[in-house]
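Open the structure in your viewer and keep the selection tool ready. We will go from stop to stop, and at each one you select something and look.

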Amino acid sequence: MATQTKIRKSDFHPVLRIVVYVIIGIFTILTLYPLYWLAISSLKTTTEFQLNMIGWPQNPTFRNYPSAWRLAQFSTLFLNSLFFTIVSTAAIILLSLMAGFAFAKIRSKFTGFLHGSFVIGILLTLQSIMVPLFLMVNSVGLYNTRIGVLIPYIGMGLPMAIYLCTEFIKSIPDSVVESARIDGASYFRIFSAIVVPMAKPVAITLAILNVAGVWNEFMLINILVSSDALRTLPVGILKFSGPLAADYGRQFAALMIGMIPMVVFYLIFRKQITEGVSAGAVKG
Amino acid sequence: MFKRSTVFLLTLLLIASVFVPATFAQERVTITVLNYFDLTSPGAERELQEVWHEFSNRFPHITVLREDLFLEPFHQKTEAYAAANQLPDVIYMWPGGRSTTLHTKRLVKDLRPLLGEDAKYFSEAVLAPQTAGYLAELPNTMTSSHALYVNVGLLQELGLEIPETYEDLVAMVPVLKANGLDTILMGAQDDWVIQSCLFSTIVGRLVGDKKMDEIIAGEAKFTDSEFVGALEFYGRLFADGVLHRKIMNTTYGEVNGLFAAGRAPFMIDGDWKVGNFITDTSTGEALIPVDKQDEFKMIIFPAIPGEINPNSASTVVGTGYGMSANIPAGSAKEAAAWELIKWLQSVEVQKLRLETGGTIPSRIDVTSDQLEPLVNERLGYYALIETGTYVLDSVLAGEVYLPINIGLQEIGLGLATPMEVAERTQEAYDAWKANQ
Amino acid sequence: MKKAAFWTEERRAYLILVFPAVIIYWAVMAFPTIFSFILSLTNYNGGPVFGNPDVKIVGFTHYVRMFNDKYFWISLKNNGLIMAISLFGQIPLGFLFAYVLHRKLIKFGDFFQTIIYLPAVISTIVIGRLWQSFFSPYGPFTEFMRRFNPTWENELFFDPHLAILPVLFVILWMYTGTYLIIFLANLQKIDPALIEAARIDGATEWQVLTKIILPALSGVIVTTAILAISGSLKSFDLLFAMTGGNPARRTSVLALYMYDNAFRGAPKYPLANAISVFMVLLSLILIMVVRITESRFGGRE
């Protein structure tokens, strides 16, 4: 099948192909060079970095890594990041599939209003709700607790997730749901047996979006938590980087520590996107 | 119900604290602290050990719950706490500027009564009333927000001398340019830098604190010839090639390495920048190695034509820790919080800060014999300042100094004239005044 | 009995499915937003919010102040430019990449796909810091250009009209991958048999693109446009880390302008909230324009 499409590749004009290669090549360099630069910079001492910003380090040293790790207590931060990322992503996917299914396939006069309110949520910026959110979390006694971080993370991920899930589930033919109803299946049965398996592609998309989002989130966690035992990696990284920060060596090491897990996660998960997406395609 | 029981408990506590202080003096007290802490500063590890752990050792009955933040996250958190009226017991503060809310809303206590007799250990100037007219934080230092750092070694190589007047400085520009060097480096991407580290000093020289007091009181205007003259002189720095527009695309951290590497013979920054050049105790490395430090000098900006305050530079008291106004007076908590604030400006701690970061002590009873040449240079630098003048962002309200901060960048980039910036600042001042 | 009639299985299922998401979302986002809208009409200015006798309703004065501020307009213009690069740069490029990858028109498709999406998983703060250093007047970009012209000075950030260029460039690089993934996912939903049939009937690549693929993706294009619009109006992190809005606020955007008012100097929450209300309204209007355009020119889903 795929071979047949390849046969007439020739009518993709050679000039066009070169243009595409050039653009893609530029993107590739733009992505790989900064990563390379970050990696070699983390092997320089602060002093060396300031004197030699782009070259290969003269005395490469890994000293920055243990030093940054210890100073910012990265072991704790790491586990916290994992916890918040996994739990909030799982919750967002489940809740948005549920709501998306209801919005897409169960008729209700509330859908317009409720779904609309989520769509507006896509447009809200974190900065604008930061202070009121802090006041609320504080007044209900959830300040500086895990749950007090998780709920806002889930709430903030929901608008986009629900929008995507609703759109996706809408594309499942109504007849699938209707025939299951005629066969006597309950809505929950349809949800768990039909919708969830079919929703794998959208679930994976959501996972990628949210994992990257929560893993890198720094503003909210900083506001909602005061004890180091609950903080996440970005807060630790931010301790090393800022316009006044002078310790470049440890700063770059900290940036690498924060970035590597994400890149590894993505490289592993990447295959799944293609699989998940093509699984969806068979039915579409 | 809940309220009544709380009141009851509080009363009990109060009674207990009044009647049985002796028996329960060692009762555990927990205090929360919001600390501004730069993990990247040289000596950060030592500070954790010798300041915070040491406090716990000395006062085992006081449990300190410390929250370390730095830069923007710190300010976000402070504003959030202030909005919820949930300030931690002890909080790191500036004498004005970005801590304005804490001062003017009186969210922190006046520390002067608590200080009492101990005031004699501090120099008089650092205990002066702050933004809201009282001692809201106990300052750790007296700083000059302006210093002209000179790479004397580099100047000598080029056959140049340390400039005494502004004209001397201008005369060097072509020589430096011919050698592919910049004249003065600044890390001025953030807009507070030019205002705080350079323009405040220019205002001190050409306008003077007396006139500034009149402007602040509304009796004179930013659009008066003196203030506009200061802006015009600042604009001339760019026209004369002393400053280059690219300072506005250089970050505050980036400039350190550039200066140490000799990309220009001069750098303008706060005197605190010294801390970044001396030896980092955790790696033993220094941006300017100890044996090279003799080649660097700190001077104040050379004489400006028409200046009324020669040899002046902008100075301000340093940061320190304040105490939440929510702590009941006379409580065990207050005693514990004060114990901590006092410790943070104790001889031991100030000595450590002097040795690791080159911070000049606010106490008069701190000395050390193990200082690097640049730290001694910084101590000597204060002798050069005949008059200390205002740092604008510590005497003006945020709404008023922001147009100056941005205006200074605009003048440098040729986007606004000095008069336009003065007018905009005056408008901002009028709007601010109307709201008071 | 009546109750049973009202609570049909359909209604009960709807309620149970929707309830958790709605409750959490309303608590976390909708209420704070309403709260911030109300604050935008008051003179609240720091200190306790509740039971503060100084807080009064002042109507729309903060909105007037906002519209009279030149930096508001500079920020808005930059948001406009970011939106333009998103709509006319990221989306077409994202589509182009997705198309050539999906149709396997170039080699190493897997590798390129990985690389192009990679920036999206890296923290924006990291990316901002990297590119700031890269474009610094003393950074690699300047060094590189000096190989060709030793006296070249990096003036990119100084011209008020050009200062935003490096930022736009980074934004284009950073988010194109997101659209690539979205388009790719949806391209794979198109039945390959349909394309096969067309090809067997002698359709050219161009005809396959315009007659089959684009019409099938029209709904997705609208979705990406909406994402691009809301994303561009919200952009904050990258600029925060890369330029901080400077020089002279010439690279500021609305979210940064709002942040400045809320967290820099003395807080001006009402003004800050007025700005965020304006941002939401503006995105709503723009998205309605997109929707109307879509129905007018009849994309089919």
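**Stop 1: a helix in chain B.** Select helix α16 of chain B, residues 373-384. This is a predicted model. How far should the 12 residues of this helix span? At 1.5 Å a residue, the answer is 16 Å, and the end C-alpha atoms are 17 Å apart, so the two values agree.

Now colour the buried residues of α16(B): L374(B), V375(B), E377(B), R378(B) and Y381(B). They cover an arc of only 150° around the axis, which means they sit on the same side of α16(B). There is a general pattern to keep in mind here. An α-helix has 3.6 residues a turn, so residues three or four places apart point the same way.

Turn to the face of α16(B) that points away from the buried side. Which exposed residues does that face carry? They are N376(B), G380(B) and A383(B).

What do the buried residues of α16(B) pack against? Select β6 (147-151), α13 (274-277) and β9 (296-299) of chain B, and you have the partners.

**Stop 2: a strand with two neighbours.** Select strand β3 of chain B, residues 90-93. V90(B) and Y92(B) point one way from the strand. I91(B) and M93(B) point the other way. Are these four residues buried or exposed? All are buried.

Next, add strand β1 of chain B, residues 29-36. β1(B) pairs with β3(B) in the parallel sense, over 2 bridges. Find V33(B): its bridge partner in β3(B) is V90(B).

Then add strand β11 of chain B, residues 320-323. The pairing of β11(B) with β3(B) is antiparallel and runs over 4 bridges. Look for G322(B) in β11(B), which stands opposite I91(B).

**Stop 3: one histidine.** Keep V33(B) on screen and select H75(B). The two are 42 residues apart in sequence and 14 Å apart in space, C-alpha to C-alpha. H75(B) belongs to helix α4 of chain B, residues 72-83. Is H75(B) buried, exposed or partly exposed? It has 19 other C-beta atoms within 10 Å. A buried residue needs 20 or more, so H75(B) counts as partly exposed. Leaving out residues up to four places away in sequence, H75(B) touches R98(B) and F263(C).

**Stop 4: where chain B meets chain A.** Select the contact between these two chains. Chain B puts in 30 residues and chain A puts in 25 residues. On the chain B side, α3 (44-58), α4 and α12 (254-260) each supply at least two residues. Which of the elements gives the most? α4(B) does, with 5 residues.

**Stop 5: the cores.** Show the largest nonpolar core, which has 215 residues. L158(A) and A21(C) touch the most other members. Zoom in on A21(C). Beyond its neighbours within four places in sequence, A21(C) contacts L95(A), S96(A), M98(A), A99(A), L158(A) and I162(A). Apart from this core lies another, of 80 residues, including L258(B), V274(B), I278(B) and I404(B).

**Stop 6: zoom out.** Show chain B as a whole. It has 19 helices and 12 strands. Along its principal axes, the C-alpha trace of chain B spans about 75 × 55 × 35 Å. Its radius of gyration is 23 Å; a compact globule of 436 residues would have one near 22 Å, so chain B agrees with that. Buried residues make up 50% of chain B.

How values were computed: Residues numbered from 1 in each chain as written. Chains lettered and ligands numbered in written order. Predicted model: local features only at pLDDT ≥ 70, side-chain atom pairs only at ≥ 80, totals over all residues. Core = buried A, V, L, I, M, F, W, Y, C linked by C-beta atoms within 7 Å. Buried ≥ 20, exposed ≤ 12 C-beta atoms within 10 Å, placed from the backbone. Contact = placed C-beta atoms within 7 Å. Rg over C-alpha atoms; globule rule 2.2 N^0.38 Å. Expected span 1.5 Å × (residues − 1). Arc of directions from axis to C-beta. Pairing = 2+ DSSP bridges.
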